[in-house]
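Notebook open, coffee poured. I'm going through this one piece by piece and jotting down what I look up.

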Amino acid sequence: MISVAGISKSFGNKKVLDEVSFTVEDGEIFGLLGPSGAGKTTLIRVLTGQLRFEEGEAMVMGKRVSQLSGSDKKQFGVMMDDFGLYERLTCYQNLRVFADIYGVDDAAIHSVLSEVKLQDAQKKEVSKLSKGMKERLRLARALLSRPKVLFLDEPTSGLDPQTSSEIHEIIRKRKDAGTIIFLTTHNMTEAEKLCDHLVLLNEGHIVESGSPKELCLRYDHQKRIEVEKNDGEVLSLEVDEGNVETTAGRIAEILRCGELRTIHSKEPNLETVFMELTGRELEV
Ligand SMILES: Nc1ncnc2c1ncn2[C@@H]1O[C@H](COP(=O)(O)OP(=O)(O)O)[C@@H](O)[C@H]1O
Ligand SMILES: [Mg+2]
């Protein structure tokens, strides 16, 4: 559905995307995870035909992005920071403007308002909405045309956990209805919870890719087991080839004494994976 092969993009003499390649499969939520300045927004602008690039090729829905027509682009839903809302218009009126552009009817507006839970606020002026409500309205605008591909640039950035999880739920439902989701994030918890496949981007380079679980297991060099005893003491036991017997013995001893409360393996998270690969943190 989306394939990117060797894309490079420079601003002046600064290369911000350097031979980036990946493919996005049907029916998945694809996440581009990287810190601020990694090149995420630039890549979305390339894929949606808003920005030219020097090298490589990008295809979306079987077409080169440089050859996308206006009607092809109507099949995309795009949510980005610089696609603003009309502050003086109501929620309904904002969507009405875009409904006319997309050629969708009033029923589609009401359906999308209820999808993002803004039906009660439809007559409210945008300037009077909370940040979370504005973000849901921006999402509604991207969903309005029933797009085949949804591009979301940091859809929950700066939002409270409640609004973020509401937005995640809306995204998942669209995925279940067959929409391809391409999103960017610098939030590893979001990436872990929401995405089926991830590409880790740092300074315009892809440093890793895979499902969140695959990535964490791939970098699970220091296998650890965490044992909590009944008295609350927590032991973090290393398991490598050299000490399996010793570790097993210690766990057996705790079990024998009836002191074992919980036991689980401890895998690295995406933050530690990213740190290992790049030496830097995702969120600063
Ligand atoms: N229009 C532009 N002109 C010059 N430099 C830009 C422009 N847009 C982005 N950049 C630079 O490209 C790099 C990547 O930016 P961006 O794609 O916005 O990163 P991200 O979305 O991951 O934070 C940054 O160093 C940024 O300053
Ligand atoms: Mg960005």
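In what sense do strand E9 (residues 197-202) and E10 pair, and over how many bridges? I looked it up in this predicted model: the two strands are antiparallel, and the pairing runs over 5 bridges. For a register mark I noted that Leu 200 sits opposite Glu 208 of E10.

**The sheet around that pair**

I then traced the whole sheet. It is open and has 6 strands, in the order E6-E7-E8-E3-E9-E10, with mixed pairing. At its edges I found strand E6 (76-79) and strand E10 (205-210), each of them paired on one side only. From one strand to the next the twist averages 15°.

Next I asked which strands helix H1 (residues 40-47) lies across. My list reads strand E3 (29-33), strand E7 (149-153), strand E8 (180-185) and E9. Against E7, H1 runs at about 155°.

**Val 20**

I picked Val 20 next, which is in strand E2 (residues 14-24). Is Val 20 buried or exposed? I count it as buried, because Val 20 has 24 C-beta neighbours inside 10 Å, and the cut-off for buried is 20 or more. Leaving out residues up to four places away in sequence, Val 20 touches Val 4, Ile 7, Leu 43 and Ile 206. Leu 43 falls within the H1 range, residues 40-47, and Ile 206 within the E10 range, 205-210. I also checked Val 20 against Gly 204: they are 184 residues apart in sequence, yet their C-alpha atoms are 7.5 Å apart in space.

**Positive phi**

Then a hunt for odd backbone angles. Most residues other than glycine have a negative phi, so I wrote down the exceptions I came across.

- Arg 146 has a positive phi, near 50°. It is in the loop between helix H5 (131-143) and E7. I call Arg 146 partly exposed because it has 15 C-beta neighbours inside 10 Å.
- Glu 154 also has a positive phi, near 45°. Its loop is the one between E7 and helix H6 (161-176). With 21 C-beta neighbours inside 10 Å, Glu 154 counts as buried.
- Lys 117 follows H4, and its phi is positive too, near 55°.

Reading the first two entries together, I see that E7 borders both loops, the one with Arg 146 and the one with Glu 154.

**Helix H4**

Lys 117 sent me back to the helix before it. Which residues of helix H4 (residues 106-115) are buried? I found Ile 109, Val 112 and Leu 113. Looking down the axis of H4, I see these buried residues fall within an arc of 105°, so they line one face of the helix. That fits the textbook picture: an α-helix has 3.6 residues a turn, so residues three or four places apart point the same way. For what covers the buried residues of H4, I noted helix H3 (91-102) and H5 among the elements.

**The other domain**

How is the chain divided? I have domain 1 as 2-211 and domain 2 as 221-266. Their C-alpha centres are 44 Å apart.

I moved on to a second sheet, which is open, with 3 strands in the order E12-E11-E13 and antiparallel pairing. Strand E12 (234-238) and strand E13 (260-266) are at the edges with a single partner strand each, so one side of each has no neighbour in the sheet. Direction ignored, neighbouring strands here are turned by 20° against each other on average.

Strand E11 (residues 224-229) and E12 are joined by 5 bridges and run antiparallel. One entry for the register: Arg 224 has Glu 238 in E12 as its bridge partner. Helix H9 (residues 244-256) packs on this sheet and touches E11, E12 and E13. I put the direction of H9 at about 20° to that of E11.

**Whole-chain tallies**

Last, the overall counts. I have 10 helices and 13 strands for the protein chain. Its C-alpha atoms fill a box of roughly 70 × 45 × 30 Å along the principal axes. Of the 284 residues, 32% are buried. I also looked at contacts between residues at least 6 apart in sequence: 69% of them join residues at least 24 apart.

Notes:
Residues are numbered from 1 along each chain as its sequence is written. Chains are lettered from A and ligands numbered from 1 in the order in which they are written. This is a predicted model: local features need pLDDT of at least 70, side-chain atom pairs count only at pLDDT 80 or more; totals for chains, interfaces and linings use all residues. Helices (H or I, at least four residues) and strands (E, at least two) are DSSP runs, numbered from the N terminus. A residue is buried if 20 or more other C-beta atoms lie within 10 Å of its own, exposed if 12 or fewer, and partly exposed in between; C-beta atoms are placed from the backbone. Two residues are in contact if their C-beta atoms, placed from the backbone, lie within 7 Å. Two strands pair if DSSP finds at least two bridges between them. Axes are lines fitted to C-alpha atoms, for helices over the stretch in contact, and angles run from 0 to 180 degrees between N-to-C directions. The arc is that of the directions from the helix axis to the C-beta atoms. Domain bounds come from an automatic or database domain assignment.
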